[in-house]
Amino acid sequence: MGKNLIYKRRSIRSFSDEDVSDSLIEEIIKDASHAPSWQNSQPWHVYVAKDDVLDRIKAEYKTAQSNNLPSHTDITTPHRANRSELSLHNIEEWGESVKEAIGEEGTQLPEFQEARADMFHAPVIAYLTTSNQASEFTFYDMGAFGQTLMLSATSWGIGTIPAYALVAHPDILKKELRIPDDQEIVVGIAMGYPDESKLNCIKTERAEVSDILDIRK
Ligand SMILES: Cc1cc2nc3c(=O)[nH]c(=O)nc-3n(C[C@H](O)[C@H](O)[C@H](O)COP(=O)(O)O)c2cc1C
């Protein structure tokens, strides 16, 4: 069961408008809270946007984008220059997987761009936050929480995608979600029921185990 969930989960980039009930969201967040954390400190908080709040966030994001407002995030983004050769290769392969599923235009396909601009049409977005004084180890805890959340969602037939695109305007999110000043937004995870779009046919590859594993004896 556990192994199936790991392989069943993949990023969903187009959701139907079917609601995810508050009680199911609570169930999924309860599962996620069983992730390991430093001294069981559980340094996470989740702000879920849905209904009117999410509609307002989507509208404000679209305005920000059409006004070319520069995007930024609370936490630092990885720099291409600091990537390993293997990571750069994997990123290229990702581009190929996208083209294989949706055509030569890849991420430039209008359907892809529109979905991203509309937050993948998601009915629910879970924003994971932590203290703005967090240490690097805290981000380990936050990642574990996020993956547990996504595996739990998968077990309920709910699709997910963690995305930079969702957190690119933190000021809008902090205002609409009433996130306290001492919190920073780590990531947004869109959730919902996958629709029939070809955007949901993107299947990514992984590097060989031998490329990422050294067993020393
Ligand atoms: C921190 C993070 C940010 C991401 N941001 C985006 C994004 O902005 N747009 C997008 O289409 N996918 C985004 N993704 C999804 C990745 O592209 C995806 O996880 C990766 O290609 C592996 O595919 P899979 O999730 O289907 O296994 C993000 C993933 C992570 C972990």
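**Entry 1: around the ligand**

I began with the ligand in this predicted model, and I listed the residues around the ligand as Arg10, Ser11, Arg13, Trp94, Ile161, Pro162, Ala163, Tyr164, Ala165, Val187 and Thr204. Sorted by class, this shell has seven nonpolar, two polar and two charged residues. I then asked which element gives the largest share of the shell. That element is strand 3, residues 159-163, which contributes three residues.

**Entry 2: the sheet**

Since strand 3 had come up, I looked up where it sits, and I found an open sheet of four strands in the order 1-2-4-3, with antiparallel pairing. Strand 1 (45-50) and strand 3 are the edge strands, each of them pairing on one side only. On average, and with direction ignored, neighbouring strands of this sheet are turned by 25 degrees against each other. As a reminder to myself, strands of a sheet pair through backbone hydrogen bonds, either parallel or antiparallel.

I followed strand 3 to strand 4 (residues 183-192), where five bridges join the two antiparallel strands. Pro162, which I had noted as one of the residues around the ligand, has Ile189 of strand 4 as its bridge partner.

**Entry 3: helix 3 and its neighbours**

Next I turned to helix 3 (residues 51-66), which lies across strand 1 and strand 2 (124-131) and runs at about 85 degrees to strand 1.

How does helix 3 pack against helix 7 (residues 170-177)? I noted an angle of about 155 degrees, with the axes 10 Å apart. Because angles over 145 degrees count as roughly antiparallel, I could write down helix 3 as roughly antiparallel to helix 7. The crossing of these two helices is right-handed. Helix 3 makes the contact with Val53, Arg56, Ile57, Glu60, Tyr61 and Ala64, while helix 7 brings Ile172, Leu173, Glu176 and Leu177. By class, I recorded seven nonpolar, no polar and three charged residues in this contact.

**Entry 4: helix 2 and helix 6**

Last, I looked up helix 2 (residues 22-32) and helix 6 (residues 136-155), whose axes come within 8 Å and cross at roughly 135 degrees. With that angle, helix 2 is oblique to helix 6. Helix 2 also passes helix 6 in a right-handed crossing. On the side of helix 2 I found Ile28, Ile29, Asp31 and Ala32, which meet Phe145, Thr148, Leu149, Ser152 and Ala153 in helix 6. Sorted by class, the contact of helix 2 with helix 6 has six nonpolar, two polar and one charged residues.

Definitions and conventions
Residues are numbered from 1 along each chain as its sequence is written. This is a predicted model: local features need pLDDT of at least 70, side-chain atom pairs count only at pLDDT 80 or more; totals for chains, interfaces and linings use all residues. A residue is near a molecule or strand if its C-beta atom, placed from the backbone, lies within 6 Å of it. Ala, Val, Leu, Ile, Met, Phe, Trp, Tyr, Cys and Pro count as nonpolar, Asp, Glu, Lys and Arg as charged, and the others, Gly among them, as polar. Axes are lines fitted to C-alpha atoms, for helices over the stretch in contact, and angles run from 0 to 180 degrees between N-to-C directions. Angles under 35 degrees count as roughly parallel, over 145 as roughly antiparallel, 65 to 115 as roughly perpendicular and the rest as oblique. A crossing is left-handed if the near helix is turned anticlockwise from the far one by less than a right angle, and right-handed if clockwise. Two residues are in contact if their C-beta atoms, placed from the backbone, lie within 7 Å. Two strands pair if DSSP finds at least two bridges between them.
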